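Dear colleague,

I am handing over the structure we spoke about, and I would be glad if you could look through it alongside the notes below.

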Amino acid sequence: MAQIASITLLQNDDARPIIDAIMADNPGVRVMHFNGAVKLDCDNTLTINRASVEERLGRSWEPQEIQLVLVSMAGNLDEDDDHFTLSWRH
Amino acid sequence: MIDALKSLFGARPAPAEAVQGEKEAPKMTAKKLGLRQRYEHMTRGLDWETTYQKMDDVFPYDSFEGIKIKDWSAWEDPFRLTMDTYWKFQAEKERKLYAVIDSFAQNNGQTNLSDARYANVLKLFLTGVSPLEYQAHRGFAFAGRHLRGAGPRVASQMQSLDELRHLQTQVHTISHYNKFFDGIGEFPHMHDRVWYLSVPKSFFDDARSAGPFEYMIAIGFAFEYLLTNLLFVPFMSGAAYNGDMSTVTFGFSAQSDESRHMTLGIEVIKFLLEQHPDNLPIVQKWVDKWFWRGFRVLGLVAMMMDYMLPKKVMSWKEAWDIYFVEAGGSLFEDLARYGLKIPKYADVATEAAEHISHQNWAIFYQYTHAAAFHTWAPDKEHLDWLSAKYPNTFDKYYRPRWELWAEQEKEGKRFYNNALPQLCQTCQIPMGYTEPGDASTICFRETQFKGDTYHFCSDGCKDIFDGEPEKYVQAWLPVQQIFQGNCGGPTVPDVLAWYNMNVGADNMDYVGSPDEKIWKEWHPDADAARKAV
């Protein structure tokens, strides 16, 4: 069984460009809507690319800003200047 | 704003030691430091080897548990969050939250709840969970002081501050409800005294009286990583769905911190397991223990989701499958490479997920006279929902009981249990749980220790006691304390007075309560409208 890398974000205007970037950059992503939040699940790896978010947001964006809309996550985190990745790879 | 802050940081004068040439001065021509470099600078070199006192005297608690650490610098916080960035983000979260709280109060948000029954969820949360945030604040302050690596100390400091913020925001948010509903105002007093609140309280007392490494596994890993999603995500979605805008906001504001805490929890466990093979059996024992302790405490959340939310989000069983079976499964598959196994009795907990909410709510229904929130028997629509969500168990074991109790209520013979229950020595919950695989037999276990007999609700709780009997014989068990004369007197009214319970307002069924009365004043047409539908 695939291990699930997952992130849950607020459902608001600040999070929407990030959610859109995840959906564009992670083929096969599964989306679950809760009240007020969205859970996105991928097999093994889920990546948020800074460039993809900036393109949608129309301004510069740092992966650390995700702290403002983050609800929960699963997977080992690798965060750097240009990406925020959750995965079960080593 | 972030760029402004970064340029501010970049423009800082070089540290004194660099100027003195002891180390190579950082190249100040670089435009910005990267995330990794910034984290390095802000978390390393903050500690030093003490010379006036021995390091072991300065850090007296990080060796007795038997954990072996070879290299503290191998610790890495994957978020790479630094203190300056931390303050900036937290301030932003607070501004957003308090704007919502103001707006909620100004618009009389309490009148827009799905139903006043919902307010009982907040009462249980404030009396049972919010004081744990304060305990966590103190616990992480202690761990941060007593772990000698700089990385975990910085992370513990942030988490300690987060936890204090969570308590404050919860108190501020729920204080608005205190203007209208009962059972809220005495929450700190009640947390220390009321029988069922000893369940969450003793959970944290247990963790905080352990060593710093066990505390980090107990709260950082088992609670924050394995179980916190089961507490907050369904809880906050429930609040959103039931019109409680202010609680949703504090919940999600806290939850963004929780993600960081979860990351700390998983980092702790990987760090300990990578440092020395001798750590594995110690860590495994803690994981087993704290999984089971947490599972028992979360039974309160199970009951909240299945019985207390007027508009349901998902069943406890569904939440358990998503957040423990699926998410926990992925995690333990990952941790298997260190030799760590899925917690002992995880299978028992998964089987119990089809029973626990029904058994807990039945306990509160029977003891409604001694609870600081209102109870009610589920109506037909609610029973049908439970039957659909629990096809294997509800109709067979629990529906007939609710129907009988409803019948008794109709005849004016509402059932109250006037005997004080036997409690489990470990989790402190009344012994109302059933045998794994046999929901018609109550589960009893016992142990002899120094000539006394101790009682347990499960193999999980018995194992925990047997691992540290000297600790658990000291448990402050509410029923025993009442019988010993330490709780205000021998009768129920004596004890309720000692709880500061406003009898007739805080306790008993929702129907007939002042909460119901005020709700009907706000919504005079509600009954008529429901009938019309």
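The notes that follow cover confidence, the sheet, the contact between the chains and one helix.

Residues are numbered from 1 along each chain as its sequence is written, while chains are lettered from A and ligands numbered from 1 in the order in which they are written. Please keep in mind that this is a predicted model, in which local features need pLDDT of at least 70 and side-chain atom pairs count only at pLDDT 80 or more, whereas totals for chains, interfaces and linings use all residues.

On confidence, the predictor gives the complex an ipTM of 0.87 and a pTM of 0.90. Chain B has an average pLDDT (the predictor's confidence in each residue, from 0 to 100) of 90, and 93% of its residues score at least 70. Residues 1-22 of chain B, however, have a pLDDT below 50. Where pLDDT is low, the predicted coordinates should not be read in detail.

In chain A, four strands (DSSP runs of E, at least two residues, just as helices are runs of H or I of at least four, numbered from the N terminus) make an open antiparallel sheet in the order β2-β3-β1-β5, where pairing requires that DSSP finds at least two bridges between two strands. Its edge strands are β2 (30-34) and β5 (70-74) of chain A, each of which pairs on one side only. Strand β1 (residues 4-10) of chain A is joined to β5(A) by four bridges in the antiparallel sense, and Ile7(A) stands opposite Met73(A) there. Two helices of chain B pack on this sheet: α11 (residues 212-241) touches β1, β2, β3 (37-43) and β5 of chain A, while α12 (residues 245-275) touches β1 and β5 of chain A.

The contact (C-beta atoms, placed from the backbone, within 7 Å) takes 31 residues from chain B and 24 residues from chain A. On the side of chain B that touches chain A, α12(B) gives the most, with eight residues.

Finally, helix α10 (residues 198-208) of chain B is largely enclosed by the rest of the structure, because nine of its eleven residues are buried, that is, 20 or more other C-beta atoms, placed from the backbone, lie within 10 Å of their own. Phe203(B) and Phe204(B) are among these buried residues, and the cover over them as a group includes α6 (119-128), α7 (130-146) and α11 of chain B.

With best wishes

Terms used:
Axes fitted to C-alpha atoms, helices over the stretch in contact; angles between N-to-C directions. Buried ≥ 20, exposed ≤ 12 C-beta atoms within 10 Å, placed from the backbone.
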